Amino acid sequence: MKKISLIVLALVSVSFFAFCQGKGDPKKREEAKKEINAYMKANVLPVMIEQRKELDKKLSSSEKKEIESLRARINTLKAQKENMPKRDRSQEPTEEQRKAFEAAKKEMRLIMTDAWAIVDNHEADFEALKEDNKENAEKWKADMKAIFDKYKPEGAEGKRGGKGGRHGKMGMMMDQNKAPMFLLMDPTKSVDELAAEMEQRQAGRQGHHRGGKRK
């Protein structure tokens, strides 16, 4: 059975995010988005679900309860964000909005810290996954690159964010959090539900980086 490669998930997420922020025909970007998400649903997410179920067998009852609590805290953050009044993206955020944003960032940081504590208890299990998945990782990386190359604008090579760029920093952050994000994934959800969550995160990142003025 195929096994999930965590590094591929980080690569797909950050590469897709960077691609959507790039220049070029919006229609082509939308077509690329559809093809990428279809690929994820057909090839990656079903494997993720099965492997996350396997990881569940290695978690203690107390760890499973803690994960449920962390998911509930994430859902609370989502609800808070959805209930916040929409602001004019052409204007600077208010002091209240800034405080709410900083509070949400802090809460998410605490959630990830607690998730990392569980990941650290299962370091050998995660290392085994990574080692077992090398072959699939290469195939999925190649397939995703082919999709990006098909849709990227002419002359866009090497412009999706280096180490010091905004997208490069985003990539490092997501790469660092790939293990706890896999841990927090709910394997009882369907492929369609997980795909919808993935698209929602993509849309949220795009909206955050497009909105507001930069100092």
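**Exercise 1. Classify Lys 189 and Glu 197 as buried, partly exposed or exposed, and state how their side chains are related.**

Solution. Begin with Lys 189 in this predicted model: its relative accessible area is 26%. Buried requires a value under 20%, and exposed a value over 50%; Lys 189 is therefore partly exposed. Next, Glu 197 has a relative accessible area of 19%, so this residue is buried. Finally, the two side chains meet in a salt bridge, with an N to O distance of 2.3 Å. Elsewhere, Arg 73, Glu 107 and Asp 114 are joined into one network by salt bridges that share partners.

**Exercise 2. Determine which salt bridge, that of Lys 150 or that of Lys 105, links distant parts of the chain.**

Solution. The whole structure contains 13 salt bridges, and two of them are considered here.

- Step 1. Lys 150 pairs with Glu 35 at 2.9 Å, N to O. Lys 150 belongs to helix H6 and Glu 35 to helix H2, and 115 residues separate them, so that this pair links distant parts of the chain.
- Step 2. Lys 105 pairs with Glu 102, with 3.6 Å between the closest N and O atoms. Both residues lie in helix H4, three residues apart, which is about one turn of the helix.
- Step 3. For accessibility, Lys 150 is exposed at 51%, whereas Glu 35 is partly exposed at 27%. In the pair within H4, Lys 105 is partly exposed at 38%, and Glu 102 is partly exposed at 44%.

The answer is the salt bridge of Lys 150.

**Exercise 3. Test whether the end-to-end spans of H3 and H4 agree with a rise of 1.5 Å a residue.**

Solution. Helix H3 covers residues 61-83, which is 23 residues. The distance from its first C-alpha to its last is 33 Å, close to the expected 33 Å. Helix H4 has 27 residues and should span 39 Å; the end C-alpha atoms of H4 are 40 Å apart, which agrees.

**Exercise 4. Identify the buried residues of H3 and H4 and the helices against which they pack.**

Solution. In H3, the buried residues are Glu 63, Ile 67, Leu 70, Arg 71, Ile 74 and Leu 77. These pack against H2 (26-56), H4 (95-121) and H8 (178-184). In H4, the buried residues are Ile 111, Met 112, Ala 115, Ile 118 and Val 119. Their packing partners are H3, H5 and H8.

**Exercise 5. Describe the composition of the largest nonpolar core.**

Solution. In soluble globular proteins, nonpolar side chains tend to be buried together. Here the largest such core has 35 residues, of which Phe 126, Phe 182, Leu 183 and Leu 184 touch the most other members. At least two core residues come from each of H2, H3, H4, H5 (123-132), H6 (134-151), H8 and H9 (191-210). H2 supplies the largest share, ten residues.

**Exercise 6. Summarise the chain as a whole and locate stretches of low confidence.**

Solution. The secondary structure consists of nine helices and zero strands. Of the 215 residues, 35% are buried. Of the contacts between residues at least 6 apart in sequence, 86% join residues at least 24 apart. The mean pLDDT is 77, and 72% of residues reach 70 or more. Residues 1-5 stay under 50, with 23 contacts beyond four places in sequence. Residues 158-174 are also below 50, and the model gives this stretch 30 contacts beyond near neighbours in sequence.

Note on methods
Residues are numbered from 1 along each chain as its sequence is written. This is a predicted model: local features need pLDDT of at least 70, side-chain atom pairs count only at pLDDT 80 or more; totals for chains, interfaces and linings use all residues. Side-chain values use heavy atoms; hydrogens and water are left out. Helices (H or I, at least four residues) and strands (E, at least two) are DSSP runs, numbered from the N terminus. Buried means under 20% relative accessible area, exposed over 50%, partly exposed in between (1.4 Å probe, protein chains only). Contact means heavy atoms within 4.5 Å. The expected span of a helix is 1.5 Å times one less than its number of residues. A nonpolar core is a set of buried Ala, Val, Leu, Ile, Met, Phe, Trp, Tyr and Cys residues joined through side-chain atoms within 4.5 Å. pLDDT is the predictor's confidence in each residue, from 0 to 100. A salt bridge is a side-chain nitrogen of Lys or Arg within 4 Å of a carboxyl oxygen of Asp or Glu.
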